[in-house]
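Colleague: Could you take me on a close look at one part of this model, the loop that leads into a helix, and then show me what that helix packs against? I am new to this, so please go step by step.

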Amino acid sequence: MTDELNAPLGRTRPPRTEPAAPRRYSARAVAGGAAALALALLYLAPRDPFGGEPHAVARIEAAKTPEPPAAPAAAQGPQSASQEPKADATAAQMFEEAAGVKVTRRGGEGGTARIIHVEPASGVRLPAAPDRRVTEKGPHGQLPKIGPDGARPMDVYARPFVASTALAPGAPRLALIIGGLGLNAGSTMQAVDQLPDEVTLAFAPYGADVDRLAQQARARGHETLLQAPMEPFDYPHNNPGPHTLTTAAPDGGSDDLHWLMSRFTGYAGVMNHLGGRFSADESAMSGALGEIAQRGLFYVDDGASPQSRAGDVARAIGAPFAQVDVNLDEGGRTEPLEAALARLETLARGKGAAIGFANATPAAVARIARFARDLERRGIAIAPVSATLAARGAGAAQGRK
């Protein structure tokens, strides 16, 4: 049909033809074409100029113009962020000085690793222990001895007494001893930190880390003593511990005393722990005090036993000796402790010197620390126990200047 509806705009429809049959290729021809295509792609692909060798890519940027130097501090406005580290360092230094510590930073001021050295608040430094001049090797460890030049451990390791210029000449001296330390590291360091440096610290010989703790106490400026366990009247029901000095020891207790003395170094004297029966035995005390004096140490009796013969023996053999005037542990409550401290202060004023002793309970340490810091205001010098000895041994001057 060739009417206008079937042939619009005068166009004629081309004759209809049948589609040609698809052309067939052999498998060999297909494989050859694929190989040719692969070669073409390989040739056209971008090549690696380094031939697969390791290489790095760096980005090149234009150099930045250096900033002009900062204006003088007087002409600057508010402090910039770049100045904050210096300001922080200055503030840290001021804090360290106020706290009595010195911080050494590894790697310069910007380093993160720090070593903190705690300086004694009073500025008194004690020599490092052990000092070879006054130390020898014993069967159980290092023992104190009198040096070839006559130096004694009691002189080498004692804390020097430095009277405050705010006190009147000849002001009474008051010594405080806190005992039972070295058994627990936490409570020991609490006492070391809280108590004024002039307070003497007595260490028991049984702590696992007693030598390190005693050295830390000395590094803070505290004079130290060895607390030697001695036989009480109800021994062995009440047993102070291994190597207790007893009246029945076959060798007079010499080997046990050497064991106790070798537990740590740097102590200036020996103090009893318990020992009611031992201190009442004149023969036993003569042997122990003779050995202590021959090794250049002084002895402190805690004053707890009325039967103690320690003072008489010490005077008879010329051993450096001191005796506690007031046991501050009486009662264990606030009121008795306050009364004991008041009595101790009264004795110091009347006698010119007095010694008080207490075990290191948290409550006693806190209260005694406050009491000790207030002594200077009341006209009394707080002193290490070595500055209050009743006898100083042959050739030594009485007291400390």
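Modeller: Pro236 sits in the loop between β7 (224–230) and α6, and since this is a predicted model, please read everything here as a computed picture. Tyr235 and Pro236 are joined by a cis peptide bond, with omega about 5°. Stay in that loop for a moment, as His243 is also found between β7 and α6. His243 is not a glycine, yet its phi is positive, at about 60°. Why point out these two spots? Because most residues other than glycine have a negative phi, and most peptide bonds are trans.

A cis bond also turns up elsewhere, between Ala129 and Pro130, where omega is about 5°. Pro130 has its place in the loop between β2 (114–118) and β3 (135–137).

Now follow the chain from the β7 loop into α6. Helix α6 covers residues 254–261, and it packs with helix α8, residues 282–294. Two packed helices are described by the angle between their axes and the distance between the axes. For α6 and α8 the angle is about 45° and the axes are 11 Å apart. That angle makes α6 oblique to α8. The crossing of this pair, α6 and α8, is right-handed. On the α6 side, the contact is made by Leu257, His258 and Met261, while α8 brings Ala288, Glu291 and Ile292. Sorted by class, this contact of α6 with α8 has four nonpolar residues, one polar and one charged.

Keep your eye on Met261, because we can use it as a stepping stone: besides being part of the α6 contact with α8, Met261 is one of the residues that line the largest cavity. That cavity holds about 70 Å³ of space. Its lining also includes Phe264, Thr265, Gly266 and Tyr267, along with Val134, Thr135, Pro153 and Tyr157. Gln142, Leu143 and Pro144 belong to the lining too. Strand β4 (residues 142–144) gives the largest share of this lining, three residues. By class, the largest cavity is lined by eight nonpolar and four polar residues, with no charged ones.

How many cavities of 30 Å³ or more are there? The count comes to two. The second largest has a volume of about 40 Å³. Around it you will find Ser187, Gln190, Ala191, Ala360, Thr361, Pro362 and Val365. Two elements, α4 (185–194) and α11 (362–373), give two or more residues each to this lining. The largest share, three residues, comes from α4. The lining of this second largest cavity divides into four nonpolar, three polar and no charged residues.

Since α4 has come up, let us finish with its partner. Helix α5 (residues 210–219) packs with α4 at an angle of about 10°, with the axes 10 Å apart. That makes α4 roughly parallel to α5, whereas α6 is oblique to α8. Ala185, Thr188, Met189 and Val192 in α4 meet Leu213, Gln216 and Ala217 in α5. The contact of α4 with α5 divides into five nonpolar, two polar and no charged residues.

Definitions and conventions:
Residues numbered from 1 in each chain as written. Predicted model: local features only at pLDDT ≥ 70, side-chain atom pairs only at ≥ 80, totals over all residues. Heavy atoms only, no water. Axes fitted to C-alpha atoms, helices over the stretch in contact; angles between N-to-C directions. Helix = DSSP H or I, 4+ residues; strand = E, 2+ residues; numbered from the N terminus. Parallel < 35°, antiparallel > 145°, perpendicular 65-115°, else oblique. Left-handed = near helix turned anticlockwise from the far one by under 90°. Contact = heavy atoms within 4.5 Å. Nonpolar A, V, L, I, M, F, W, Y, C, P; charged D, E, K, R; others polar. 1 Å grid on protein atoms, 1.4 Å probe; cavity = no way out; pocket = protein on both sides within 12 Å on 5 of 7 lines; lining within 4 Å. Points joined across faces, edges and corners; volume = space filled by probe spheres on them.
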